[in-house]
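Let's take a walk through this model together. Have a look at it first, and then we'll go from the whole chain down to a few details.

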Amino acid sequence: MKMQQIFYSDAHGRPVRLSILSDTGVKAIDKAAVELAEAHAGYVQATRERDAANTAVDRLDDESRAAALHAGTMNKPIDAKGVRKKKEAARDRAEDTELERQTAVARLDQARYDYLAILAHHSPALESAARAEADAAVLEFASALNIARRATPRLDASLTVLAALPAVRAGGDFIPTMPSPPKTPADDFDDGGSPIVWAQEGAEALVKSVGWAVRTLESLDAAEKARKAAAAEAAAAREAEEKAAAEEKAAAEAAEGSDHRG
């Protein structure tokens, strides 16, 4: 499951920020996401062309003033008709691109409304897919943590052995010690250069990541449980009110019938 952020101004000029999902496994959502992304790409292209056309208009205005000044300085006539024709063509192009952009904005707005409606309609399927992916990701983090923990002592032993071998070959003692590689100006001054320290810190970070991920999932589950309980309580209250109203109406009708018979 992937997510892409888009930004644009809607038909009323209001800023819009929206996330487009892809590879959700829910066909309707993936299809709507593709259509939304295509509509946004059309909007971006239309905006770019509109901006370029407006820039061309401004540039022609500057060039026209420069041409008039040059003609006056050289005491020569200026081709006013030709200049006017170029400026009119540029303004027509700017107006056309603005209309095309407005059309692209309307199309993008509609694609956004459709996308949000489909997200809401297929939210149970999306929730299931997202939960399954979150659980799988947590397991992958846990697996990476186990791999890091197993690999760290092996890396420590192998590097220290490699560093101790030159002394042994020279007739010295075998004292495995972690070597310190040379630093470069790009390195952090406080970085000791120990791969084992970094591996241990990475493992600790993974532990925190897995822990917070599990807590986040648990809090989301609790919120959903509370939402369902509140919805059920509200439904029960409405049902009780409707039942009481029906009983009151039946009693009133029965009393009215009794009065008529009397």
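In which element of the protein chain is confidence lowest, and in which is it highest? Keep in mind that this is a predicted model. The low end is α4, with a mean pLDDT of 87, while strand β2 (residues 15-22) tops the chain at 93. Over the protein chain the mean pLDDT is 88, and 97% of the residues reach 70 or more.

Now for the overall layout. The protein chain has 4 helices and 2 strands, and if you read along the sequence you'll meet them as β-β-α-α-α-α. The radius of gyration is 36 Å, whereas the globule rule gives 18 Å for 262 residues, so the protein chain is more spread out than a compact globule. Along its principal axes, the C-alpha trace spans about 115 × 110 × 30 Å. As for burial, 20% of the 262 residues count as buried.

Next, pick out helix α1, which covers residues 27-73. With 47 residues at 1.5 Å each, α1 should span 69 Å, and its end C-alpha atoms are indeed 69 Å apart, so the two values agree. After α1 comes Asn75, which has a positive phi, near 55 degrees.

Finally, find the loop between α3 (123-169) and α4 (195-261), because that's where Phe174 sits. Is Phe174 buried, partly exposed or exposed? Its relative accessibility is 48%, so Phe174 counts as partly exposed; the exposed class starts over 50%. Phe174 also joins Val161 and Val168 in a nonpolar patch on the surface, and together they have about 230 Å² of accessible area.

Technical notes: Residues are numbered from 1 along each chain as its sequence is written. This is a predicted model: local features need pLDDT of at least 70, side-chain atom pairs count only at pLDDT 80 or more; totals for chains, interfaces and linings use all residues. Side-chain values use heavy atoms; hydrogens and water are left out. Patches are made of residues with over 30% relative accessible area and no salt bridge: like charges are joined within 9 Å, nonpolar side chains (Val, Leu, Ile, Met, Phe, Trp, Tyr) within 5 Å. Accessible areas come from the Shrake-Rupley method with a 1.4 Å probe; for residues, only the protein chains shown count as cover. A salt bridge is a side-chain nitrogen of Lys or Arg within 4 Å of a carboxyl oxygen of Asp or Glu. Buried means under 20% relative accessible area, exposed over 50%, partly exposed in between (1.4 Å probe, protein chains only). The expected span of a helix is 1.5 Å times one less than its number of residues. pLDDT is the predictor's confidence in each residue, from 0 to 100. The radius of gyration is taken over C-alpha atoms; the globule rule is 2.2 Å times the number of residues to the power 0.38.
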